[in-house]
Amino acid sequence: MVITREIIGRLEAWKSAEDRSPLIIQGARQIGKSWAVTEFGRTHYKHTAIFNFEKQGELKNIFEMTKDVRRILGELELYTNVPLLEEDTLIFFDEIQDCKAALNSLKYFKEDAPGYHVIAAGSLLGVAVNRKTSKKDAEEEQNDTFPVGKVSFLEMYPVTFREYLRMSDAALLQQTESRLADLEPLPDILFNKLTEQYRRYQVCGGLPKPCSDMLDGAGMEKIENDLAELRKSYEFDFTKHVDAKDIPRIREIWRSIPSQLSRENRKFIFRTVREGARAREYESALDWLVLSGMVFRIFVSETPQLPLKHYEDTTAFKVYMLDQAILRTMAELPPEAVIAKGDLLKEFKGAMAENFVLGSLLAQGFNAPHYWTISGNRAEVDFLIQDGIDIYPIEVKAEENITGQSFKVYQEKYSPRLRLRFSMKNLKLNGNILNIPIFLCDWLKAILDFPKTKEIGNHDSSRTMRGQ
């Protein structure tokens, strides 16, 4: 099944912008960037011209020989069977990180040929741009190759649960969205159906191939095989795009993440990677994984004030996977353990739930979340997000058990306007705690607008439904 991606709407906004710049789409491999751009070209332009620098290495010579956009366009036409027209053709440079001269040319498209519609994508673009030799060489290289101020950026993530639900049960999606504004518990039948869909999504995750398998009813064996192949392809990137001396350390960090997240305190510890490992030996390897989009790193903030980034401690952080199904299969957790209700594998199901919530927050455009703790780890809140001038603490629970003291400690210390708890309990605003079923995380941006019209602290839904 072909999954409709919400990024298409953002591409439409880019196309219609008056001061449009060439667009760079970033994101990890295998999340659907090329498909999304190609589909956008097919449905919104008369022609789409695709130039892939990984598959067509000879294209690099065009950009290395000249910076004249008209000459570049003239030579590119020799490699395509469609005309390169200003308004009617989408020009797509795929895997552009393999040609730094092409990346640099985007600024000339902006300056000398602004009428052309140009999109570039690169799975390892962050790695290519930030790769360093000496500090001086890195500065000269970046100034020479990166079109600062001449391009727009769009970050892409795996398929979200909302996108999955749209394809799996569009009527259920519509019914769900029509009820959110009331901040009242969902009817049991709706809650149960959404729970079933969410469990299935947890198994397949958001990478398009296994996600399509689930939607097509291909069976668990096919899903597991495709996830295994995806893991292999990611590890192959270590050997293809990394200096040989760095490969073992990147692989060791990558494979340590499930065990890092299986502990109650999920703070990343380098000595867990390998006995005796030191941060300075592994920092560049971790940076590579972050820049490639294959992992997410969030830093601690012991002072939840504006701006959050100003108060982050870069020596303490957690690391999550780009996709919770990849995390699940790396931990050798079978689908049955995810689908089963209850506290089976409690700690790791909690890690998967946090991984899901983090991916959802990033896909919605929240700035990189932080987490909060106090000295001695006596209390910890899973995430802090900044939304305008508001800072919201977020607690994540995999099931219905919501006991714990950390949220209370945070309340006593900072008295936030609103606290957010994701769990498998029903939607309910009680005092300044808004409990949100975890499967509604993708709607958080919209949900946060609703309490602003209510009197926080005095609202207590008394409807007796699931989770009350």
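Let's start with a charge over a ring: the charged end of Arg20 sits over the ring of Trp14, 5.9 Å from the ring centre. Keep in mind that this is a predicted model. There is another such contact further along the chain, where Arg297 places its charged end over the ring of Phe317, at 5.7 Å from the centre.

Phe317 brings me to the aromatic pairs. How many aromatic pairs does the count come to? The count is 25. One of them joins Phe317 with Phe270: the ring centres are 6.2 Å apart and the planes stand at 75°, over the 60 degrees that edge-to-face requires, so this pair is edge-to-face. The two partners come from distant parts of the chain, with Phe270 in helix α14, residues 270-273, and Phe317 in strand β7, residues 312-321; that puts them 47 residues apart. Are these two rings buried or exposed? Phe270 has 11% relative accessibility, so Phe270 counts as buried. Phe317 counts as buried too, at 6%.

Stay with strand β7 for a moment, because Tyr320 is also in that strand and pairs across to Phe383 in strand β9, residues 380-387, a link between parts of the chain 63 residues apart. Here the geometry is tilted, with 6.2 Å centre to centre and 45° between the planes. Both partners are buried: Tyr320 has a relative accessible area of 0%, and Phe383 has 0% as well.

For those of you who like clusters, please look at Phe51, Phe53, Phe63, Phe93 and Phe109, which form one aromatic cluster.

Now, on to the empty space. The largest pocket has a volume of about 910 Å³. Its lining is made of 37 residues, and those nearest the centre are Glu155, Tyr157, Val290, Leu362 and Ala368. Which elements give two or more residues to that lining? They are α15 (279-291), β6 (295-301), α18 (346-363) and β9. You have just met β9 as the strand that holds Phe383. The largest share of the lining comes from β6, with five residues.

And what does the lining look like by class? There are 21 nonpolar residues, 11 polar ones and five charged ones.

If you open the structure afterwards, I would begin at strand β7, where you can find Phe317 and Tyr320, and then turn to the largest pocket, with Glu155 and Tyr157 among the residues nearest its centre. Thanks, everyone, and I'm happy to take questions.

Methods:
Residues numbered from 1 in each chain as written. Predicted model: local features only at pLDDT ≥ 70, side-chain atom pairs only at ≥ 80, totals over all residues. Heavy atoms only, no water. Phe/Tyr/Trp six-rings, centres within 6.5 Å; stacked < 30°, edge-to-face > 60°. Helix = DSSP H or I, 4+ residues; strand = E, 2+ residues; numbered from the N terminus. Buried < 20%, exposed > 50% of the residue type's maximum accessible area, 1.4 Å probe, protein only. Lys NZ or Arg CZ within 6 Å of the ring centre and 35° of its normal. 1 Å grid on protein atoms, 1.4 Å probe; cavity = no way out; pocket = protein on both sides within 12 Å on 5 of 7 lines; lining within 4 Å. Points joined across faces, edges and corners; volume = space filled by probe spheres on them. Nonpolar A, V, L, I, M, F, W, Y, C, P; charged D, E, K, R; others polar.
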